[in-house]
Amino acid sequence: MTTEEIIARGVPEHVAIIMDGNGRWAKKRGLPRTAGHKEGLTSAKKIVAAAAKLGIKYVTLYTFSTENWKRAQEEVGYLMGLIKGHLRAEFEFYKKNGIRVEHIGNIDGLPEDVKSEIINAKKDTEHFTGTTCVLAINYGSRDEIVRGVKKIIASGTGADSVTEDLISQSLDIPSLPPVDLMIRTGGEERLSNFLLWQCAYAEFIFTDTLWPDYNEEEFFDDVAKYQQRNRRFGAVPNQ
Ligand code: IPE
Ligand code: IPE
Ligand code: MG
């Protein structure tokens, strides 16, 4: 299908991606896991640009989870360096594609230099009006919900005022819409603590493709697959 045909059929407003399989991609080639992460970053840029081309409003990328601190110090250090270097160097990429950078996750748990690059990238791109690229860094959905509940309690809200909307508003980006399409590469079929609340009615696509091999063509195919899904939200259509 052409880009125009996909756009004409209506694209999802919010696509979330679990970019998995970097380590296995590297292992298959006899390379260190870090080489997979480097290649994974190239994939991420391609897919964000592809999403911008389709006019998708939000793309949320699972970049580093609250559980990923369990990995070897060398790998964690490499990932932090990659994130920091990318944000520092890629303003032109975001500008060219009209992409606004946002962040979800526990920013205070990140090294100071990574934290300040996130803050700067958000600030530098805040006036861009195309796709919003939400980077989930030091992100865990349960952690986000716990921090949200703490904000609600600290504001003195009474039990009767707690609503689904209020909980959504308490999350890291209050205006972030629910996920329409969740894609996970790398063959595992689980959420790994990603956007649990926001995925209540998401459509899921799991692919065996390892993240560094995932490309625009497969992404467009996945969006086209999503467009064939029948979303009922619990109702019986045409009744
Ligand atoms: C995903 O790839 C990237 C991050 C979690 C940062 P992995 O590093 O999990 O790759 P596999 O799953 O070991 O192949
Ligand atoms: C999920 O992948 C986290 C990211 C892609 C950042 P993992 O590789 O960490 O997930 P598990 O451990 O297989 O569940
Ligand atoms: Mg993995």
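**Exercise 1.** In which segment is the place of phenylalanine 233? Describe its backbone and its exposure as well.

*Solution.* The model is a predicted one, in which local features need pLDDT of at least 70 and side-chain atom pairs count only at pLDDT 80 or more, while totals for chains, interfaces and linings use all residues. Residues are numbered from 1 along each chain as its sequence is written, and side-chain values use heavy atoms, with hydrogens and water left out.

Step 1: phenylalanine 233 is placed in the segment after α9 (216-227), where helices (H or I, at least four residues) and strands (E, at least two) are DSSP runs numbered from the N terminus. Step 2: its phi is near 50°, a positive value in a residue other than glycine. Most residues other than glycine have a negative phi. Step 3: the relative accessible area of phenylalanine 233 is 49%, so the residue counts as partly exposed, a class that lies between buried (under 20%) and exposed (over 50%), with a 1.4 Å probe and protein chains only.

**Exercise 2.** Carry out the analysis for serine 192.

*Solution.* Step 1: serine 192 lies in the loop between β5 (181-184) and β6 (203-206). Step 2: its phi, near 45°, is a positive value in a residue other than glycine. Step 3: with a relative accessible area of 30%, serine 192 is partly exposed.

**Exercise 3.** Is asparagine 138 buried or exposed, and which residues are in contact with it, leaving aside neighbours within four places in sequence?

*Solution.* Step 1: asparagine 138 belongs to strand β4 (residues 132-139). Step 2: its relative accessibility is 5%, and therefore it counts as buried. Step 3: its contacts (heavy atoms within 4.5 Å) outside that sequence window are Phe64, Ser65, Thr66, Trp69, Gly105, Asn106, Gly109 and Leu110. Step 4: for glycine 105, the C-alpha to C-alpha distance to asparagine 138 is 5.1 Å, although the two residues are 33 residues apart in sequence.

**Exercise 4.** Which residues touch the most other members of the largest nonpolar core?

*Solution.* Step 1: a nonpolar core is a set of buried Ala, Val, Leu, Ile, Met, Phe, Trp, Tyr and Cys residues joined through side-chain atoms within 4.5 Å. Step 2: the largest one has 39 residues, of which Ile17, Ile56, Leu61, Ile183 and Phe219 touch the most other members. Step 3: helix α3 (residues 33-54) gives this core its largest share, six residues. Step 4: apart from this core lies another, of 16 residues, including Tyr58 and Cys199.

Conventions. Chains are lettered from A and ligands numbered from 1 in the order in which they are written.
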